[in-house]
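Dear colleague,

Here is the structure I promised to hand over, followed by what was found in it. Please read the conventions alongside the results.

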Amino acid sequence: MRCWLLIGCLGVLLPLQAPLSQPLERTVEVHAEDLSVERALRPGGEGWRTVPREQVVEGPAPFWLRTRVEVPPRAPGAPTPVLALSLLGSWEAWWDGALLGRNGHVGRTPEEEVPGNVDVLLPLPPEHATPGPHLLVIRASAHHRGFQPVGTLYRLQVGEASELARARLLWLVPSLATLGALVLMGLHHLARYLMQRRSRATLLLGLLCLAASALLLLEAWRGLESYPYPRHIIRLWLLSGATVAVAVLLPATLHVAFSEPRRAPWWGALAVSLLGLAAVPGFDGRNTVALGLSLGVSLVLALRARSRKEPGAWAALGGLGFAMALYLMAPLDFPERGFFVAFGGLLLCLGAAHAYQLRRQQQRLESATRASERLQLELLKRSIQPHFLMNTLGAVSEWVETEPAQAVRFIESLGAVYRHLLSVSGERAISLARELELCRAYLEVMGYRHGLAFTLEAPGVDGAAVVPPAVLHTLLENAFSHNRYTTPVSFHLQEVREGGRRRYVFSAPAGKGATPGMGEGTGTRYLEARLDEVFPGAWSLKQGPTEAGWTTVLEVPA
Amino acid sequence: MKVLIVEDEPLAARRLERLCRELLGQDLPPPLVCASLADAREVLAGRTVDLVLLDLNLAGEDGFRLLEEVAAGSFHTVVVSANTDQALRAFELGVLDFVAKPYTRERLEKALARVGGRGAGPLRTLAVRKGGGIVLVPLESVAYIQGAGDYAELVLRDGRTELSEKSLDRLEALLPTDFVRIHRSYLVPLQDVARLWTQEGSRTDVELRSGTRLPVGRSRVKALKARLDA
């Protein structure tokens, strides 16, 4: 399958975007007081705490931070390396005791502070860029963060500028490619939803694609544009929103696409998950947990669909398994790095499963239409079958020669039968009142032919009830082809309503020379096909001989 | 000519009865009418009926069996039916004519006229009653047919014989023209005639390919010679 090839390619790209970082010291020293520059730059000193690099949470007031940074060895003549520093705040930095650069303006109050950018590249002075350890000291303030992050130091790395840029590009390109594909897929599904049959699964799949692309775009945004750190919180909120949207839409899409029979437990799971999420600290943690939960729940949904043998469940299961594997490999990095591969593949699989489902639906619809047309043809064909038509014309011949006035009356009632047949034959369902009209016209014709009065009594039936066309007509025809009536006959139709269902009991008296047994004739096949068309799976038809003749019991939903 | 109408629809029966009376003349006995073949069996067993006008639903398996039963009878059968798709099969089994409904008076007249003449269709088999059932004897297997009173004996090429309830006259009407009446009591297939023997006293015999010799009726010699020379 093509989508697996694509997923394979994405899988190859994933290792390429591993960061080109050199392992630096994983800890930093922080000092919460706003020391003077001289005191801060002096080695040793009181009040410095050692914390893991990911857990720098000082601020918002000015604080100090110092660490040893390893400059990697390089070939002679290679360009001077640069320092890549991502710290949520404004700062100024000293490199081996000399001022290296500033990012915004550190201030004691929000007014005094000028916000710096989140991601900054600083060229190192050539004379201080010798390979080996160097001392980096930073004074920072963060009055405009707007939230208390788990850690504010995102990145601290020394490397060659071109290599750092390449790493960023390698990270960006595949996710932007996936982004483009997802946007197109999303718009495609939305357009299908708007233009063709309104399937909720199509709509949800489109929205899921767009939410995933929003998530990708927001993830990639930091690599696309350098923005001042106060805006970081906005991006994080948007990112969270997109993540929750993806996390909710994914199982919802599967729920609808695979017609999951149960509903309440899933709403419950959603509510519990959202409440649980609120308790998870930190944006990244929340996003990770949300996506993990979503994948887990979706996997359960897909497995249930598989056990119900829903078409396309295999594809969904494959995509989800792939995404889940990537998630489990590195849960914390997943929202930033595994996500685009996993969701690119997953959404492709879901798209394929959905297309397959739509095709099946289309086929079912087409075959239903064909069956409907066949039934219409069958009904019309039956109305011109020789036994009825030629015998009727024979009767006309006799009257024309003996009683022309009777012939005219007969032709009139024959015309009525055909008018009714023509008007109902194209319909899937008609009102019982119209059906009764057709039957009475038919009985009039048969009455003329037999020289007897045939009646159909249907006391108290609901004329507005819906039945497939020519149901009673078929039963009457059967009665006439299996009985030779020599005395006036009255057919009966009774209606019983109970528990949201209508039961019709049709009884045809036995005539002379009755040949019981109409089990699997063309008439019965027609009835069954028509009933299944209008009340799929919800009807029953039983018939058999009784003392009085032949009784048919038909049960349909009210 | 005694006519029996087998017709289950009153109006259609009325039409057949009326037209038969008009066509056959008022002096003949009026046609009998039965609504089903079952009702008619007793009448037919009396062997007094010359012609049955049959309208039954000939569609389906039952239709074939019904036709075979009728074809094995001593009487001529004219089928009057709405189901024309069974016409060929009916002719092959040995009905005299097949009148499709609706029909005109003229069409029925033509059918009635065949009773004294030739059948309208290609007969392929002769239906004979045997041991409670009906056996269909293919015409190719018939060596010659010998009259036996009101019945006729089919002498087959393998020497076996079958008894047909139809008289030689009625069989002659149904059989194709290459079956020639050479004698009051014999019908032979023309292509089987090997030669003619002229005996003393101007008696003539026919020798069949199988070696069987059969007498030729004095009045029929000339016509037979003409057929053989043609």
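I begin with a contact between two helices of chain B, where B:Arg15, B:Leu16, B:Leu19, B:Cys20, B:Glu22, B:Leu23 and B:Leu24 in H1(B) meet B:Arg105, B:Leu108, B:Glu109 and B:Leu112 in H5(B), contact being taken as heavy atoms within 4.5 Å. Helices here (H or I, at least four residues) and strands (E, at least two) are DSSP runs, numbered from the N terminus. Helix H1 covers residues 10–24 and helix H5 residues 105–113 of chain B, and the two pack at an angle of about 65° with their axes 10 Å apart; the axes are lines fitted to C-alpha atoms, for helices over the stretch in contact, and angles run from 0 to 180 degrees between N-to-C directions. The crossing of H1(B) past H5(B) is right-handed, a term that applies if the near helix is turned clockwise from the far one by less than a right angle, left-handed being the term if it is turned anticlockwise.

Before going further, please note that this is a predicted model, in which local features need pLDDT of at least 70 and side-chain atom pairs count only at pLDDT 80 or more, while totals for chains, interfaces and linings use all residues. Residues are numbered from 1 along each chain as its sequence is written, chains are lettered from A and ligands numbered from 1 in the order in which they are written, and side-chain values use heavy atoms, with hydrogens and water left out.

As for the chains as wholes, chain A has 14 helices and 16 strands, and 47% of its 558 residues count as buried, that is, under 20% relative accessible area, with exposed meaning over 50% and partly exposed in between (1.4 Å probe, protein chains only). The accessible surface of chain A is about 26,200 Å², and 62% of this belongs to carbon and sulfur atoms; such areas come from the Shrake-Rupley method with a 1.4 Å probe, and for residues only the protein chains shown count as cover. In chain A, 76% of the contacts with a separation of 6 or more are between residues 24 or more positions apart. Chain B comes to seven helices and 15 strands, and buried residues make up 50% of its 230 residues. For chain B the accessible surface is about 10,600 Å², with 49% belonging to carbon and sulfur atoms, and 52% of its contacts between residues at least 6 apart in sequence join residues at least 24 apart.

Turning to charged pairs, a salt bridge is a side-chain nitrogen of Lys or Arg within 4 Å of a carboxyl oxygen of Asp or Glu, and by this rule the count is 46 over all chains. One of them joins B:Arg14 to A:Glu398 at 3.7 Å, N to O, and this pair crosses between chains, from helix H1 of chain B to helix H10 (residues 386–402) of chain A. How accessible are its two ends, B:Arg14 and A:Glu398? B:Arg14 counts as partly exposed because its relative accessibility is 34%, whereas A:Glu398, at 0%, counts as buried. Both residues belong to a network of salt bridges that also links A:Glu401, A:Glu403, B:Arg15, B:Arg18, B:Glu22 and B:Arg105.

Within helix H9 (residues 334–383) of chain A, A:Arg374 and A:Glu378 lie four residues apart, about one turn of the helix, and they form a salt bridge whose closest N and O atoms are 3.6 Å apart. A:Arg374 is partly exposed at 46% relative accessibility, as is A:Glu378 at 25%.

Another salt bridge joins A:Arg503 and A:Glu498 (3.1 Å, N to O); A:Arg503 is partly exposed, with a relative accessible area of 25%. A:Arg503 is also in contact with A:Gln494, which, leaving aside neighbours within four places in sequence, further touches A:Val461, A:Tyr504 and A:Val505. A:Gln494 is found in strand S13 (residues 489–498) of chain A, and its C-alpha atom is 6.7 Å from that of A:Val461, although the two are 33 residues apart along the chain.

Finally, A:Leu176, A:Leu217, A:Trp221 and A:Leu224 make a nonpolar surface patch of about 320 Å². Patches are made of residues with over 30% relative accessible area and no salt bridge, like charges being joined within 9 Å and nonpolar side chains (Val, Leu, Ile, Met, Phe, Trp, Tyr) within 5 Å. Helix H4 (residues 200–224) of chain A gives the largest share of this patch, three residues, and A:Leu224, which lies in that helix, is partly exposed at 42%.

With best regards
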